[in-house]
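Colleague: Got a minute to walk me through this one?
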Amino acid sequence: MYNKRYHPLSIFFHWLVFLLVAGALAVIELKGQFVKGSEPRELCKTIHGLLGQLIFVAMVLRLGIRMIYGAPTQPGTISLFRVLDKAMHWLLYFLLLTLPIMGLVFLQAGGKDVHFFSWTLPQMINPDPSLKKTFKELHEWLGNTIYFLVGVHALAALWHHYILKNDTLRRMLNKSDLETK
Ligand code: HEM
Ligand code: HEM
């Protein structure tokens with residue numbers, strides 16, 4: 001069990017998910033530049049949906065790896081900051097697993113097919129305009145909170161590194177020297 005540092009696979013998936021989330025948000029922002037119904041606008045949505053599904057797969061794998069190898073524990077007393085850090089991590093796990101499901105639900109409830117590369121996902125939801133509206137609004141609202149949550153999370157990591165001068169960021173970069181101490 002790695003309890004002083006993250007397993008290399010946890011580190012790999014952390015940064016892979018970071019890139020996928022950045023890509024998914026960038027293309028959905030780009031979508032706004034094109035007129036409704038146009039081909040590039042639809043392409044942006046398709047790429048966003050695909051990246052969102054890849055995020056879901058990566059998060060499931062990441063959660064499994066975390067369950068097997070665990071996460072580092074810090075010595076010392078439990079502080080409010082540490083509790084908030086942990087709460088933020090679990091909130092991010094929760095949102096990155098549920099947002100893709102909400103995306104799938106609102107598209108299928110709107111009568112649209114959802115593709116994962118060339119595979120069309122089975123229709124699990126019957127067309128239902130009010131369900132579509134609710135899940136679309138929820139997806140958009142929670143999707144937008146990701147900007148804020150990731151911003152706070154990244155600032156917390158920089159705070160640990162530059163102000164508290166501890167190992168938190170280095171261990172997520174696989175540069176921790178804890179094992180040699
Ligand atoms: C963790 C993954 C995801 C995140 C963080 C995310 C986030 C977002 C955000 C921020 C928006 C823009 C909201 C707005 O316009 O204010 C959005 C829109 C959208 N999302 Fe996602 N999403 C994710 C996964 C998915 C998946 C898997 C699908 C489809 C299978 C999907 C389908 C859509 C669609 C179609 C829109 C555009 C809605 C419209 O304006 O017509 N999303 N998403
Ligand atoms: C889409 C962007 C991001 C997401 C979704 C995300 C998500 C997460 C999650 C869920 C954890 C907990 C890992 C675990 O215990 O299994 C974590 C840890 C961590 N993240 Fe991020 N992260 C993102 C971006 C960033 C960025 C940009 C930085 C650095 C500036 C960063 C630095 C860290 C650090 C240092 C840890 C380890 C914290 C600790 O061990 O207490 N993350 N991240």
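Modeller: Sure, one term up front: two residues are in contact if their C-beta atoms, placed from the backbone, lie within 7 Å. Also, this is a predicted model, where local features need pLDDT of at least 70, side-chain atom pairs count only at pLDDT 80 or more, and totals for chains, interfaces and linings use all residues. Residues are numbered from 1 along each chain as its sequence is written, with chains lettered from A and ligands numbered from 1 in the order in which they are written.

Colleague: What do the buried residues of H1 pack against?

Modeller: Helix H2 (39-69) and helix H4 (129-163). Helices (H or I, at least four residues) and strands (E, at least two) are DSSP runs, numbered from the N terminus.

Colleague: Which residues of H1 are buried?

Modeller: Ser10, Phe13, Leu20, Val21 and Ala24. Buried is 20 or more other C-beta atoms within 10 Å of a residue's own, exposed is 12 or fewer, partly exposed is in between, with C-beta atoms placed from the backbone.

Colleague: New topic: where's Gly70?

Modeller: Gly70 sits in the loop between H2 and H3. In space it is 9.2 Å from Ser10, C-alpha to C-alpha, though they are 60 residues apart in sequence.

Colleague: And why does Gly70 count as partly exposed?

Modeller: Because Gly70 has 14 C-beta neighbours inside 10 Å.

Colleague: What about the whole protein, how many helices and strands?

Modeller: Five helices and two strands, in the order α-α-α-β-β-α-α along the sequence. Of its 181 residues, 18% count as buried.
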